[in-house]
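Visitor: I would like to learn how to read charged pairs and helix faces. Could you take me through a case?

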Amino acid sequence: MSELALVSGVVLGAVFIAAGVLKLSSPHWPGDAVALGVSERVARPVPVVEVVLGALVATGVGSPWSEVAVIALLVVFSIVVLRASRFEQPPVCACFGSLGRRPVGRGHLLRNLALIALGVITVLG
C-alpha cells in the first residue's frame, strides 16, 4: 500500500468515526435524518455503522471491502442529500451531528465526492 493510500484511509476513517460519534452525541439525531427523508428505523444504526467502518478503514482491517462499503455508503448519502436539496425548504445536514447545521446543498455533495475519491485512492493503493 502506498503512503498516499495509507494517509487517505486514515483520513477517511477518521472522518467516518467523527461523523458517527457526533451523531451519537447529537440531540437532533435521528430526527435530522428523518427530515432528510430517511426513515428513523434506517437512520438509527447509521452512527454505529460509521464508527465501525471508520475504524476498519483507518486501520486497514477488511481492506478493500471496508473501503468499498464506505464508498457505497457515501453514494447513498449523496443520493439522500441530492434528493433533500430539492425540497422546497432543504433540511439541515445531519452529516456531523449538531456540528455545522446548515441546509443541505452543493457543498455537501462536493465533500462527499472528495471522500469518495479518498476511498478510491485507498482501494487502489
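Guide: Start with glutamate 50 and lysine 23, which are both buried in this predicted model. The two form a salt bridge, with their closest N and O atoms 2.8 Å apart. Glutamate 50 lies in helix α4 and lysine 23 in helix α1, 27 residues apart, so the pair links distant parts of the chain.

Visitor: How many salt bridges does the count come to?

Guide: Three. Aspartate 32 and arginine 101 form one of them, at 2.4 Å from N to O. Aspartate 32 is buried, because its relative accessible area is 9% and the cut-off for buried is under 20%. Arginine 101, at 34%, counts as partly exposed. Arginine 44 and glutamate 40 also meet in a salt bridge, at 2.2 Å.

Visitor: How do I read the sides of a helix, and which residues are buried in α5?

Guide: An α-helix has 3.6 residues a turn, so residues three or four places apart point the same way. In α5 the buried residues include Val70, Ile71, Leu74 and Val81. The buried residues of α5 cover an arc of only 165° around the axis, which puts them on the same side of the helix. They pack against α1, α4 and α6. The face turned away from that side carries the exposed residues Trp65 and Ile79.

Visitor: Which side chain of opposite charge is nearest to glutamate 67?

Guide: That of arginine 111, 19 Å away; glutamate 67 is buried yet has no salt bridge. The side chain of glutamate 67 does make a polar contact of 3.2 Å with that of serine 66.

Terms used: Residues numbered from 1 in each chain as written. Predicted model: local features only at pLDDT ≥ 70, side-chain atom pairs only at ≥ 80, totals over all residues. Heavy atoms only, no water. Buried < 20%, exposed > 50% of the residue type's maximum accessible area, 1.4 Å probe, protein only. Helix = DSSP H or I, 4+ residues; strand = E, 2+ residues; numbered from the N terminus. Arc of directions from axis to C-beta. Contact = heavy atoms within 4.5 Å. Lys, Arg positive; Asp, Glu negative; His and termini not counted. Salt bridge = Lys/Arg side-chain N within 4 Å of Asp/Glu carboxyl O. Polar contact = N/O pair within 3.5 Å; in protein donor to acceptor, adjacent residues only side chain to side chain.
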